[in-house]
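Me: I am new to this structure and would like to learn how to read its features one at a time. Could you take me through them, giving the general idea and then the case at hand?

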Amino acid sequence: MMRYSLASFCVLLCTLIMLAACTDYPTADLQARKDPFEEGNRAVFAFNLGVDDVVTEPAAAGLRKLPRNIQRSVRSHVEWGSLPSTAVNSVLQGKAENAALASLTFAVNGLTLGLADLMEGDDRPEYEDFGQTLASGGFGEGPYLVVPLLGSQTVRSLTGWGVDLALNPYGRVTAGAPQSVRVASVPVAAVSSRATYFDAINNIKYNSLDPYAKARSAFYQQRDGLLRNNLPAQETDDRFDNFFEN
């Protein structure tokens, strides 16, 4: 598993949060405010598309050809791995019921390492990440970024991803598993997500006049849905300015 220097991570975290909260952009040009690094973002987007062409899309297509019970087991395992983060962030956001439900689901499904959903049919915990926690604390989203392999982010969501990765106790739970199994969990999650949204992503990729702008819009729509019950009343992030799709 990746090891982190606590001091350097804290410095990075503080820097990113200050960027998200304090950066002042000109108001005349929405594109410049929301996506000031568009040229570089487009270059990274092209790189990510190349990786998707060669690796992720073929792997996701292969996963979709497997029996449905295997596909369901893979999705269940990936969702199980995100539950500790959901529990921690629910506590930070004051959502005690969701935190308890996420913890219980993680514990029960841990009997199968999440490969079987033993609580199927019961209430499901709502996904929460540290980016949502930052939003609930009033931190601004910051500019749009396209990160190699990770894809669309904002400064706030990328900061949240880093904190979730560092604090997630999933690695401790699977500490007894072979190193190869634990390392494989990240690409497995990526392929599972690609398979889940296979048609939607391919529609953006192959049927859009500007796949970059369409992917950016789709990202903001997805974050908008996640943040509906996180943003303080006085902070709406401009509702992502109607997702400013070209």
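**Reading the contacts and the fold**

Reply: Let us begin with a single contact: Asp-210 forms a salt bridge with Arg-42, and the closest N and O atoms of the two are 2.9 Å apart. This pair links distant parts of the chain, since Asp-210 sits in the loop between helix 10 (198-207) and helix 11, whereas Arg-42 belongs to helix 3 (residues 38-64), 168 residues apart. Please keep in mind throughout that this is a predicted model.

Me: Are the partners of that salt bridge, Asp-210 and Arg-42, buried, partly exposed or exposed?

Reply: The general idea is that a residue counts as buried under 20% relative accessible area and as exposed over 50%, with partly exposed in between. Asp-210 has a relative accessibility of 24%, so it counts as partly exposed, and Arg-42, with a relative accessible area of 30%, is partly exposed as well.

Me: How many salt bridges does the structure hold, and which residues are joined into one network by salt bridges that share partners?

Reply: The structure holds 13 salt bridges. To follow the network, start with the side chains of Lys-205 and Glu-57, which meet in a salt bridge at 2.7 Å, N to O. Lys-205 lies in helix 10 and Glu-57 in helix 3, so this pair ties together parts of the chain that are 148 residues apart in sequence. Lys-205 is buried, with a relative accessible area of 12%, and Glu-57 counts as buried at 15% relative accessibility. Salt bridges that share partners join Asp-52, Asp-53, Glu-57, Arg-194 and Lys-205 into one network.

Me: Where does Arg-194 lie, and how far apart in sequence are the parts that it and Glu-57 tie together?

Reply: The side chains of Arg-194 and Glu-57 also meet in a salt bridge, at 3.7 Å from N to O. Arg-194 lies in helix 9 (residues 179-196) and Glu-57 in helix 3, so the parts tied together are 137 residues apart in sequence. Both Arg-194 and Glu-57 are buried.

Me: What does the chain look like as a whole, in terms of its helices and strands?

Reply: One reads the elements in order from the N terminus, where they run α-α-α-α-α-α-β-β-α-α-α-α-α. The chain has 11 helices and 2 strands, and of its 246 residues, 43% count as buried.

Me: How can I check the length of a helix, taking helix 11 as the example?

Reply: The idea is to compare an expected span with the distance between the end C-alpha atoms. At 1.5 Å a residue, the 17 residues of helix 11 (residues 211-227) should span 24 Å, and the end C-alpha atoms are 24 Å apart, which agrees. The buried residues of helix 11 include Pro-211, Tyr-212, Phe-219 and Leu-227.

Me: Which residues form a nonpolar patch on the surface?

Reply: Leu-150, Trp-161 and Leu-165 form such a patch, with about 250 Å² of accessible area together. Leu-165 is found in helix 7 (residues 155-167) and is partly exposed, with a relative accessible area of 33%.

Me: How is a pocket described, and which element gives the most to the lining of the second largest pocket?

Reply: One can describe a pocket by its space and by its lining. About 360 Å³ of space lies in the second largest pocket, and 19 residues line this pocket, with Arg-75, Ser-76, Glu-79, Asp-117 and Arg-124 nearest its centre. Helix 4 (68-92) and helix 5 (96-109) are the elements that give two or more residues to the lining, and helix 4 gives the most, with 10 residues.

Technical notes: Residues numbered from 1 in each chain as written. Predicted model: local features only at pLDDT ≥ 70, side-chain atom pairs only at ≥ 80, totals over all residues. Heavy atoms only, no water. Helix = DSSP H or I, 4+ residues; strand = E, 2+ residues; numbered from the N terminus. Expected span 1.5 Å × (residues − 1). Buried < 20%, exposed > 50% of the residue type's maximum accessible area, 1.4 Å probe, protein only. Patch = residues over 30% accessible without salt bridge, like charges linked within 9 Å, V, L, I, M, F, W, Y side chains within 5 Å. Areas by Shrake-Rupley, 256 points an atom, 1.4 Å probe, with all protein chains shown as cover. Salt bridge = Lys/Arg side-chain N within 4 Å of Asp/Glu carboxyl O. 1 Å grid on protein atoms, 1.4 Å probe; cavity = no way out; pocket = protein on both sides within 12 Å on 5 of 7 lines; lining within 4 Å. Points joined across faces, edges and corners; volume = space filled by probe spheres on them.
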